[in-house]
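Trainee: Before I use these structural terms in a report, I should like to understand the grounds for each of them. May we go through the reasoning together?

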Amino acid sequence: MTVDAPITQDVVTIPRKLPEGGKINLVGQTREQLRETLIQLGTKEKQAKMRVGQIWQWIYQWGKRDFADMTNLSKALRADLAEHCVIEIPEMITKQVSEDGTRKYLVRIAGGHEVEVVYIPETDRGTLCISSQVGCTLTCSFCHTGTQKLVRNLTSAEIIGQVMMARDDLDEWPVPGTRSDDRTRLLSNIVLMGMGEPLYNFENVRDAMKIAMDPEGIQLSRRRITLSTSGIVPEIIRTADEIGCLLAVSFHATTDEVRDKLVPINKKWNIEALLEALRAYPRLSNSERITFEYVMLDRVNDSKEDAHRLVKLIKGIPAKINLIPFNEWPGAPYKRSSNNRIHTFADIIHDAGYASPIRRPRGEDIMAACGQLKSATERSRKSRKQIEAEAGISS
């Protein structure tokens, strides 16, 4: 059974209009923005770079939210910061813990909107799946999140704030003077696979991930950050140039006819255009393999012919194929492929020389699995005018 989804419209996502005269949130600012903030508060230009480094470490390395704790700053500067600035992250509303240890957080951001964040513990890593938008523009027909209309982009503060919130919950901010080790971290990896299309919010995603990768910040290697896109071709090159993280692509089909229905953005940038951009990506960023995400839909995209076509399509691209058993949700128009069809598909990919792991669904009992995220704000069916008003957007 297939469903025709509308092509995604060209959208201009309007950021939330921040209230005037309020305190400045330092979270999410780039180093240069933080430097400008300090200069505006009266810090001498010659000292500003050093002060940026000190404040940066307190916020992102040690997780401090109170300026009074920043003991290597002068009392006068701490007082100025407390008067004019805040260190503010999204608020955790609820936390659900799955039988398998997966945690799903409902997080409230400015304007009263909510996004979902998922933490997946494994023996050798802990992965945080974060959101980049409230809702999504892409209307992918198999994805529950895609049935929620886009409200707005998240700011860089709201994106990196999800990571900070999870570290709070996991209680893993290091003690000042010690150093984190990726191998012992509870939160060791970030995947931009939550709500939204990251490449439709490029600048905010970039700034947030630079904080995550900063050696004086959260200190994650770029190889521990994976950005998942449905195929926004012009921004793929920018991702290599300006972020350099690993890339995952929501591929899901081997013909344009099927992909047009599953991932409607394919009508704008088809499989050929997408693969051309991906072939350039590893060379540009000196990255590791590109991950092709492929959701297994019964009798839609899971035939032996599909598997052989996929092998031909990705020839020459350093890649692994992540096979995802469809995570069903209420009203979903598809069914999960049978285990036999999934394993037959995987064997064909593997025999062609590509890794083809079958993703074990995590957190299904709390609707935290891939494609199941959908915020409670949307479920409450607020009117568009109400949402726009709360987001500070004038129609």
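Mentor: The following exchange concerns a predicted model and takes up its sheet and the helices beside it.

Trainee: What makes E4 and E5 a pair of strands?

Mentor: Pairing requires at least two bridges between the strands. E4 (residues 103-108) and E5 have six bridges, in the antiparallel sense, so the requirement of at least two is met. Within this pair, Val107 stands opposite Val115 in E5. The two strands form a hairpin with five residues between them, and Gly111 in that turn has a positive phi of about 90 degrees.

Trainee: Why is E5 described as mostly covered?

Mentor: A residue counts as buried when its relative accessible area is under 20%. In E5 (residues 114-121), seven of the eight residues are buried, and the strand is therefore called mostly covered.

Trainee: How do you know that E6 pairs with E5 and also with E9?

Mentor: The criterion is again at least two bridges. E5 and E6 (residues 126-129) share four bridges and run antiparallel; Tyr119 has Leu128 in E6 as its bridge partner. A hairpin of four residues joins E5 to E6. Three bridges join E6 to E9 (residues 189-192), and these strands run parallel. There, the bridge partner of Thr127 is Asn189 in E9. Both counts satisfy the criterion, so both are pairs.

Trainee: What is the strand order of the sheet, and which strands are called edge strands?

Mentor: The open sheet has nine strands in the order E3-E4-E5-E6-E9-E10-E11-E12-E13, with mixed pairing. Its edge strands are E3 (91-97) and E13 (319-325), each of which pairs on one side only. The twist from one strand to the next averages 20 degrees.

Trainee: Why are the buried residues of H9 said to lie on the same side of the helix?

Mentor: In H9 (residues 304-313), the buried residues are Asp306, Ala307, Leu310 and Val311. They cover an arc of only 140 degrees around the axis, and therefore they lie on the same side of H9. On the other side, Lys304, Glu305 and Lys312 are exposed, a term that applies over 50% relative accessible area.

Trainee: What do the buried residues of H9 pack against?

Mentor: They pack against E12, E13 and H10. H10 (residues 339-351) itself lies across E12 (290-296) and E13.

Trainee: How is H10 directed with respect to E13?

Mentor: H10 runs at about 180 degrees to E13. Angles are taken between N-to-C directions and run from 0 to 180 degrees, so H10 and E13 point in opposite directions.

Note on methods: Residues numbered from 1 in each chain as written. Predicted model: local features only at pLDDT ≥ 70, side-chain atom pairs only at ≥ 80, totals over all residues. Heavy atoms only, no water. Buried < 20%, exposed > 50% of the residue type's maximum accessible area, 1.4 Å probe, protein only. Contact = heavy atoms within 4.5 Å. Arc of directions from axis to C-beta.
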